[in-house]
Amino acid sequence: AGYMASVRFMDQQVGRLLETLDRLKIRENTIVIFISDHGYNLGEHDCWSKVSLWEGSVRIPMIISYPGYKLNYGSSNPSITRLIDLYPTLAELCGMSDKQPEILQGKSLAPIIEGKTSESGEELAYTITGGNGASIRTDRWRYTRWGENVENGNEELYDHQNDPEENINLATETNAQPILKEMRQKFEEARKEAQSGLTQR
C-alpha cells in the first residue's frame, strides 16, 4: 500500500508540472521526458525490492513529449531503447547534434519521435546490477548471467514471446541451446562495448 501510495503521489506531481507548463503557455516549446527508477519486485519470483535482473525490476517507463509532433500524441513504440539514448536524443531535438561528445554510446530516438521511422535501430539493451550480474534484452529474449564466466546454474534465458513473466528458465533446455549460444555471444559483445566506454572516460 505504501509503494502504491508513493506511485500515486508522484503521478500527481507530474500532473501539477504539466498543468503549470500549460498555464504558463510554455508547453509548446518545452520537451518533457518522464523516466523513473527501475521497477520494484513486489513478490514476483518470490523476490522483494530491486536487486534482480527480471523484466519487472529492470524495465522503466520512458515517456517523451516533443512539441510540434502532436499527430503521434499518445503513441507507443515497442522497440529497444536505453537510458543512454536520452542524451543524444535531446541533443538532436534541440539542434545540437554536432556538439555531442564523441564518447557517447547512445543512439538518438529523435527519428522515432518525429515519425521518420518506427525502429530504434537497437538490437538489445544491456543492464548490470550488484552481485556481478548482467543481462541483455532483445525483442524476444532475455539472457542473464551471474558471474564472469559461464558455469552450471548461473545463466537464465527467457522467451518473451511465450513467457513474458519470465517464469521458465530455458538455459538448461536442450532445444534452447542454439539460441543460448547466440545470446552468449551477444552478451559478450555488449559487455565489451560497455567496458570500452568506461575505459575511455
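Is Asp-159 buried or exposed? At 6% relative accessibility, Asp-159 counts as buried, where buried stands for under 20% relative accessible area, exposed for over 50% and partly exposed for anything in between (1.4 Å probe, protein chains only). The structure is a predicted model, in which local features need pLDDT of at least 70 and side-chain atom pairs count only at pLDDT 80 or more, while totals for chains, interfaces and linings use all residues. Residues are numbered from 1 along each chain as its sequence is written, and side-chain values use heavy atoms, with hydrogens and water left out.

A good place to begin is the sheet. Four strands form an open sheet in the order S5-S6-S7-S8, with antiparallel pairing; strands (E, at least two residues) and helices (H or I, at least four) are DSSP runs, numbered from the N terminus, and two strands pair if DSSP finds at least two bridges between them. S5 and S8 stand at the edges with a single partner strand each, so one side of each has no neighbour in the sheet. From one strand to the next the twist averages 15°, with axes taken as lines fitted to C-alpha atoms (for helices over the stretch in contact) and angles running from 0 to 180 degrees between N-to-C directions.

Within this sheet, S6 and S7 run antiparallel and are joined by five bridges, and a hairpin of three residues connects the two strands. Arg-137 has Arg-142 in S7 as its bridge partner. On the other side, S7 and S8 also pair in the antiparallel sense, over five bridges. Here Trp-141 stands opposite Asp-159 in S8, and Tyr-143 has Leu-157 in S8 as its bridge partner. Five of the six residues of S7 are buried, so this strand is largely enclosed by the rest of the structure.

Charged side chains come next. Across the whole structure, 16 salt bridges are found, each defined as a side-chain nitrogen of Lys or Arg within 4 Å of a carboxyl oxygen of Asp or Glu. Asp-159, met at the outset, forms one of them with Arg-140, at 2.8 Å from N to O. Asp-159 lies in strand S8 (residues 155-159) and Arg-140 in the loop between strand S6 (133-137) and strand S7 (141-146), so this salt bridge ties together parts that are 19 residues apart in sequence. In contrast to buried Asp-159, Arg-140 is partly exposed at 28% relative accessibility.

Two further salt bridges reach helix H5. In the pair of Glu-123 and Lys-186, the closest N and O atoms are 2.2 Å apart. This contact links distant parts of the chain, 63 residues apart: Glu-123 sits in the loop between helix H4 (110-113) and strand S5 (125-129), and Lys-186 in helix H5 (residues 177-200). Glu-123 is partly exposed, with a relative accessible area of 47%, whereas Lys-186 is buried at 15%. Glu-148 and Arg-191 form the other salt bridge, with the closest N and O atoms 3.3 Å apart. Glu-148 lies in the loop between S7 and S8 and Arg-191 in helix H5, so the pair ties together parts that are 43 residues apart in sequence. Glu-148 is partly exposed at 43% relative accessibility, and Arg-191 is buried at 12%. Elsewhere, a network of salt bridges links Glu-55, Arg-59, Arg-137, Arg-142 and Glu-166; Arg-137 and Arg-142 are thus members of this network as well as bridge partners in the sheet.

Helix H5 also takes part in aromatic contacts. The structure holds two aromatic pairs, counted when ring centres of Phe, Tyr and Trp (its six-membered ring) lie within 6.5 Å, with planes under 30 degrees apart called stacked, over 60 edge-to-face and the rest tilted. The ring centres of Tyr-126 and Phe-187 are 6.1 Å apart and the planes stand at 65°, so this pair is edge-to-face. Tyr-126 in strand S5 and Phe-187 in helix H5 are 61 residues apart. Tyr-126 is partly exposed, with a relative accessible area of 25%, and Phe-187 is buried at 1%. Tyr-143 and Phe-187 form an edge-to-face pair too, at 5.4 Å centre to centre and 80° between the planes. This pair joins strand S7 to helix H5 across 44 residues, and both Tyr-143 and Phe-187 are buried. Together, Tyr-126, Tyr-143 and Phe-187 form one aromatic cluster.
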